[in-house]
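Visitor: Please give me a close look at one part, the surroundings of the ligand, and then lead me outward from there into the protein.

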Amino acid sequence: MKYRTYLLFGPPGSGKGTQGKTLGTIPRFFHCACGDVFRSIDTRTAVGRAFLEYSSKGQLVPDEITVQLWKARIDAAVDGHNFKPDIDTLVLDGIPRNVGQAKIMDDLIDVEKVFHLSCPDRAALFTRLKKRALKDNRLDDANEDVIKRRLATYENESKPVLGYYGKERITCIDATEPPAKVLLHILEQVNEGAMTQYEPATV
Ligand code: ADP
């Protein structure tokens with residue numbers, strides 16, 4: 001059985017993590033952020049070392065390692081009954097991050113919707129990432145060259161994922177709007193259809 005999935009997609013700093021965390025607090029959603037999975041790995045392990053090596057240069061970790069690690073995390077969540085695939089929707093942020101990963105994951109996930117948090121204003125992203133470096137102690141946000149490289153990696157390697165899934169599944173949302181408004185747009189899509197059937201209670 002493939003996991004029913006929504007993707008949060010967008011450049012670094014577009015707010016995928018913020019939205020994912022919020023959605024993850026709603027029953028029937030299970031949020032998984034690939035960057036958090038990597039950051040939770042012991043840096044003395046081979047995977048931990050690979051993560052440090054690539055992320056510090058603004059590059060993607062190789063696909064096989066990434067998808068294996070992600071799958072192990074999801075399997076553990078299923079085993080621990082934190083993610084119940086028969087009733088929950090998986091909310092992914094940060095994966096798949098290129099077409100290679102999307103292809104490998106095709107056997108595992110059924111992508112119903114893609115929320116594209118769009119922010120053409122790269123200067124705004126730059127400012128957000130610099131702020132995050134200080135607040136969240138993110139080493140990969142602290143160096144301007146690394147930020148530039150990450151934004152370029154997004155353009156060249158990640159953006160083609162949108163073409164892979166196709167227009168029908170994509171909702172484009174303005175990522176410069178306040179987080180509550182972005183969330184509202186996402187929830188409108190999630191509840192599409194359900195909203196029109198809604199009848200206010202009389203008691
Ligand atoms: P951001 O919030 O800036 O998009 P993340 O926390 O999602 O950053 O990821 C941080 C770093 O972790 C990335 O720059 C990359 O090196 C690595 N990483 C995260 N997800 C993936 C992935 N799906 N494939 C390869 N590398 C990844």
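Guide: A polar contact is a pair of N or O atoms within 3.5 Å. With that cut-off in hand, and bearing in mind that this is a predicted model, we can begin at the ligand itself. A backbone N or O atom of Gln 59 lies 2.7 Å from one of the ligand's oxygen atoms, while Arg 39 places a polar side-chain atom 2.8 Å from an oxygen atom of the ligand, and Lys 16 does so at 3.2 Å, again with a polar side-chain atom. Around these contacts the protein covers 96% of the 560 Å² of accessible area that the ligand has on its own.

The shell around the ligand holds 20 residues, of which Arg 39, Gln 59, Arg 97, Gln 101 and Arg 150 come nearest. By character, this shell divides into seven nonpolar, six polar and seven charged residues. Helices H2 and H3 each supply at least two of its residues, and the most comes from H2, which gives four.

Helix H3 runs over residues 46–55, and Val 47 is part of this helix. Val 47 has a relative accessible area of 26%, and it is therefore classed as partly exposed, between the limits of 20% and 50%. Beyond its neighbours within four places in sequence, Val 47 is in contact with Phe 38, Ile 41, Ile 65 and Leu 69. For a sense of scale, Val 47 and Thr 5 are separated by 42 residues in sequence and by 25 Å in space, taken from C-alpha to C-alpha.

Ser 55 also lies in H3, but its relative accessible area is 11%, so Ser 55 falls under the 20% limit and counts as buried. A polar atom of the Ser 55 side chain sits 2.8 Å from the backbone oxygen of Phe 51, and, leaving aside neighbours within four places in sequence, Ser 55 is in contact with Asp 140 and Val 146.

From the ligand we can also turn to strand S2, where His 31 is found. His 31 is buried, at 18% relative accessibility, and its side chain makes a polar contact of 2.9 Å with the side chain of Asp 93. A polar atom of that His 31 side chain also lies 3.4 Å from the backbone oxygen of Gly 20. When neighbours within four places in sequence are set aside, the residues in contact with His 31 are Gly 17, Gly 20, Lys 21, Gly 24, Val 91 and Asp 93. Ahead of S2 comes a loop that links it to helix H1 (16–24), and Arg 28 lies in this loop. Arg 28 is partly exposed, with a relative accessible area of 47%, and its phi is near 85°, a positive value in a residue other than glycine. Most residues other than glycine have a negative phi, and most peptide bonds are trans. The peptide bond from Ile 95 to Pro 96 departs from the latter pattern, being cis with omega near -5°, and Pro 96 has its place in the loop between S3 and H5.

Pro 96 leads on to the protein interior, since it is among the residues in contact with Tyr 165, together with Leu 7, Ala 102, Ile 109, Val 111 and Val 114, when neighbours of Tyr 165 within four places in sequence are left aside. Tyr 165 belongs to the largest nonpolar core, which has 29 residues, and with Trp 70, Ile 74, Leu 90, Leu 92 and Ile 109 it touches the most other members. The elements that give two or more residues to this core are strands S1 (3–9), S2 (29–33), S3 (89–93) and S4 (109–118), along with helices H2 (34–39), H4 (63–79), H5 (99–105) and H9 (160–165). H4 provides the largest share, five residues. A separate core of 19 residues lies apart from this one and includes Phe 115, Leu 129, Ile 147 and Ile 186. In soluble globular proteins, nonpolar side chains tend to be buried together.

To gather up the path, helix H2 appears in both settings, as the element that gives the most to the shell around the ligand and as one of those that give two or more residues to the largest nonpolar core.

Methods
Residues numbered from 1 in each chain as written. Predicted model: local features only at pLDDT ≥ 70, side-chain atom pairs only at ≥ 80, totals over all residues. Heavy atoms only, no water. Core = buried A, V, L, I, M, F, W, Y, C linked by side-chain atoms within 4.5 Å. Buried < 20%, exposed > 50% of the residue type's maximum accessible area, 1.4 Å probe, protein only. Contact = heavy atoms within 4.5 Å. Near = heavy atom within 4 Å. Polar contact = N/O pair within 3.5 Å; in protein donor to acceptor, adjacent residues only side chain to side chain. Areas by Shrake-Rupley, 256 points an atom, 1.4 Å probe, with all protein chains shown as cover. Nonpolar A, V, L, I, M, F, W, Y, C, P; charged D, E, K, R; others polar.
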